[in-house]
Amino acid sequence: MKIAIFGDIHANLEGLEAVLQDAADRDCTHFVCIGDIVGYNANPRECLEVVRRLECPVVKGNHDEEASLDTDLVGLNPLAERAMQWTRDNLTSEDKTYLSELRMVRQVRDFTIVHATLDSPSSWGYVTNKFDAMASFGYQYTPLCFFGHTHSPKFYVKTTTVTVERGSSIEIENGKKYFINVGSAGQPRDGDWRVAYAIYDLGANRVTIRRLEYDLAKTQKKIIDAGLPTMLAERLELGK
Ligand code: ZN
């Protein structure tokens with residue numbers, strides 16, 4: 001069985017479609033979403049509809065939470081704030097209810113999913129090094145946990161210590177724990193413009209990060225046409 005784990009879609013429909021097409025081509029039969037369906041880009045409603053149609057486990061991202069509220073926007077950078085106001089204006093109350101009801105942490109089969117961190121999921125901290133990962137491992141009760149939020153795919157592995165493993169694929173071994181960032185299906189930030197997601201192959205005990213080209217020009221045109229900040233279109237081709 002192969003499971004596709006994706007997130008940080010951020011309303012990039014072309015990115016999401018590329019991910020789901022690739023997952024289907026590679027015989028993934030199950031789907032899991034680690035949150036941030038909306039925010040930044042121009043297709044929040046369409047992306048929500050695609051994810052909801054999959055009827056898959058989904059956890060809440062910080063942008064999902066912000067989009068579902070109508071309180072003052074705090075804690076976002078100015079670019080994210082403008083995009084968030086636009087996103088709120090372009091979602092229905094039903095969309096917002098769906099987003100507000102998403103859970104912060106879920107267990108799926110033998111793994112856990114969370115958007116940001118396991119030690120404090122609703123604080124939206126960033127795991128960018130092994131020390132951050134160590135804090136999450138303290139609350140990880142399954143061999144694997146998939147997360148996102150930084151938009152940079154990465155494998156953290158815990159034995160007696162925590163290491164960061166390089167490469168695009170990792171073998172899952174007994175007695176170890178894995179905290180795996182699946183990257184972003186809609187706004188990569190690791191210098192590579194291609195969207196990312198993970199395939200967990202249960203038969204082969206392997207997790208692979210896939211990188212995919214998508215119709216970037218179409219996504220960028222939608223951002224400009226929607227009146228969203230031009231920088232949001234520019235950053236997509238830079239992968240940051
Ligand atoms: Zn995000």
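This is a short dialogue on reading a predicted model.

Trainee: Where do I start with a sheet? What is the strand order in the open sheet of five strands?

Mentor: Start with the pairing. Strands of a sheet pair through backbone hydrogen bonds, either parallel or antiparallel. Here the order is β2-β1-β10-β11-β8, and the pairing is mixed. The edges are β2 (30-33) and β8 (169-171), each of which pairs on one side only. On average, neighbouring strands are turned by 20° against each other, with direction ignored.

Trainee: How many bridges join β10 to β11, and do they run parallel or antiparallel?

Mentor: Seven bridges join β10 (residues 195-201) to β11 (residues 206-212), and the two run antiparallel. To find the register, look for facing residues. A198 stands opposite I209 in β11.

Trainee: Which helix packs on this sheet?

Mentor: Helix α1 (residues 13-25) does. It touches β1 (2-6), β2, β10 and β11. The direction of α1 makes about 25° with that of β10.

Trainee: Now the hairpin. How do β3 and β4 pair?

Mentor: Strand β3 (residues 105-108) and strand β4 (residues 111-114) are antiparallel, with four bridges. Q107 has T112 in β4 as its bridge partner. Two residues lie between the strands, and R109 in this hairpin takes a positive phi near 50°.

Trainee: Next, the interior. Which residues have the most contacts inside the largest nonpolar core?

Mentor: They are F6, I9, I37, V51 and L99, in a core of 46 residues. Helix α1 gives the most to this core, with six residues. Take V51 as a worked case. Leaving out residues up to four places away in sequence, V51 touches F6, I9, L16, C33, I37, C56, V58 and Y98. Another core lies apart from the largest one. That other core has 22 residues, including I5, I113, Y200 and V207.

Trainee: V51 sits in α2. Which residues of helix α2 (residues 44-54) are buried?

Mentor: P44, C47, L48, V50 and V51. Then ask how they spread around the axis. The buried residues cover an arc of only 165°, so they lie on the same side of α2. They pack against β1, α1, β2, α4 (78-89) and α5 (93-100). Look just past the helix too. E55 comes just after α2 and takes a positive phi of about 50°.

Trainee: Let me try the same reading on α6. Which of its residues are buried?

Mentor: In α6 (residues 130-137), the buried residues are A133, S136 and F137. Their arc around the axis is only 100°, so these residues are on the same side of α6. Their cover includes β6 (154-158), β7 (162-165) and β9 (177-181).

Trainee: Last, the cysteines. How many disulfides does the structure hold?

Mentor: First the idea. A disulfide is a covalent bond between the sulfur atoms of two cysteines. This structure holds zero disulfides. To judge a pair, check the sulfur distance against the 2.5 Å cut-off. For C28, the nearest cysteine sulfur is that of C56, 12 Å away. For C145, the nearest is that of C33, 14 Å away.

Trainee: Are C28 and C145 buried or exposed?

Mentor: Burial here means under 20% relative accessible area. C28 has 8%, so C28 is buried. C145 has 0% relative accessibility and therefore counts as buried.

Terms used: Residues are numbered from 1 along each chain as its sequence is written. This is a predicted model: local features need pLDDT of at least 70, side-chain atom pairs count only at pLDDT 80 or more; totals for chains, interfaces and linings use all residues. Side-chain values use heavy atoms; hydrogens and water are left out. Two strands pair if DSSP finds at least two bridges between them. Axes are lines fitted to C-alpha atoms, for helices over the stretch in contact, and angles run from 0 to 180 degrees between N-to-C directions. Contact means heavy atoms within 4.5 Å. A nonpolar core is a set of buried Ala, Val, Leu, Ile, Met, Phe, Trp, Tyr and Cys residues joined through side-chain atoms within 4.5 Å. Buried means under 20% relative accessible area, exposed over 50%, partly exposed in between (1.4 Å probe, protein chains only). The arc is that of the directions from the helix axis to the C-beta atoms.
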